[in-house]
Amino acid sequence: MKTRSAIPLVATLAWCLSVATADADPSNKLRGVTPSDLQRYVPDQKGQWTCLDGSKSISFSAVNDDYCDCLDGSDEP
């Protein structure tokens, strides 16, 4: 009987944990936002986000979804 190395299993589990952790933080899905602007892209307690020009509030899930909901385009950085 051959003994298999546990390294591939451990590596796979570590990767799964990192993916699950990244998905728990909504800011990790943002593309096109400079690190200095990340604090401007945080949802409120209800999961809403206000366009940077203040024109309206949208669901944070609509940020970076390839559709401009904000007049200033700030939801699609």
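User: Why is C51 called buried?

Analyst: In this predicted model, C51 has a relative accessible area of 3%, and since buried means under 20%, C51 counts as buried.

User: How do you know that C51 is joined to C70 by a disulfide?

Analyst: The two sulfur atoms, S to S, are 2.0 Å apart, and a disulfide is a pair of cysteine sulfur atoms within 2.5 Å, so C51 and C70 satisfy the rule and are joined. By this rule the count comes to one disulfide.

User: What makes the disulfide of C51 and C70 left-handed?

Analyst: The torsion about the S-S bond is about -80°, and the disulfide of C51 and C70 is therefore left-handed.

User: Which parts of the chain does the pair tie together?

Analyst: C51 lies in the loop between strand 1 and strand 2, whereas C70 lies in the segment after strand 2, so the pair ties together parts that are 19 residues apart in sequence.

User: What makes C70 count as buried?

Analyst: The relative accessibility of C70 is 5%, which is under the 20% that bounds the buried class, so C70 counts as buried.

User: Why is C68 in no disulfide?

Analyst: The nearest cysteine sulfur to that of C68 belongs to C70 and is 8.1 Å away; because a disulfide needs a pair of cysteine sulfur atoms within 2.5 Å, C68 is in no disulfide.

User: Why is C68 called partly exposed?

Analyst: At 49% relative accessibility, C68 falls between the limit of under 20% for buried and that of over 50% for exposed, and so C68 counts as partly exposed.

User: Where is K56, and why does K56 count as partly exposed?

Analyst: K56 is found in the loop between strand 1 (48-50) and strand 2. Its relative accessibility is 37%, and partly exposed is the class in between under 20% and over 50%, so K56 counts as partly exposed.

User: What is K56 in contact with, leaving aside its neighbours within four places in sequence?

Analyst: With those neighbours left aside, K56 is in contact with W49, T50, C51 and D69. K56 and D69 are 13 residues apart in sequence, and their C-alpha to C-alpha distance is 8.8 Å.

User: What makes S74 count as buried, and what is S74 in contact with?

Analyst: S74, which lies in the segment after strand 2 (57-59), has a relative accessibility of 7%; as buried means under 20%, S74 counts as buried. Leaving aside neighbours within four places in sequence, S74 is in contact with Y41, W49, C51 and L52.

User: Why is N64 called buried?

Analyst: N64, in the segment after strand 2, has a relative accessible area of 7%, and because the buried class is under 20%, N64 is buried.

User: How do you know that the side chain of N64 lies within polar contact of R31?

Analyst: A polar atom of the N64 side chain lies 2.9 Å from the backbone nitrogen of R31, and the cut-off for a polar contact is within 3.5 Å, so the distance meets that limit. Beyond its neighbours within four places in sequence, N64 is in contact with K29, L30, R31, D75, E76 and P77.

User: What pattern does the chain follow, and how much of the chain counts as buried?

Analyst: The chain has one helix and two strands and, read along the sequence, follows the pattern α-β-β. Of its 77 residues, 18% count as buried.

How values were computed
Residues numbered from 1 in each chain as written. Predicted model: local features only at pLDDT ≥ 70, side-chain atom pairs only at ≥ 80, totals over all residues. Heavy atoms only, no water. Helix = DSSP H or I, 4+ residues; strand = E, 2+ residues; numbered from the N terminus. Buried < 20%, exposed > 50% of the residue type's maximum accessible area, 1.4 Å probe, protein only. Contact = heavy atoms within 4.5 Å. Polar contact = N/O pair within 3.5 Å; in protein donor to acceptor, adjacent residues only side chain to side chain.
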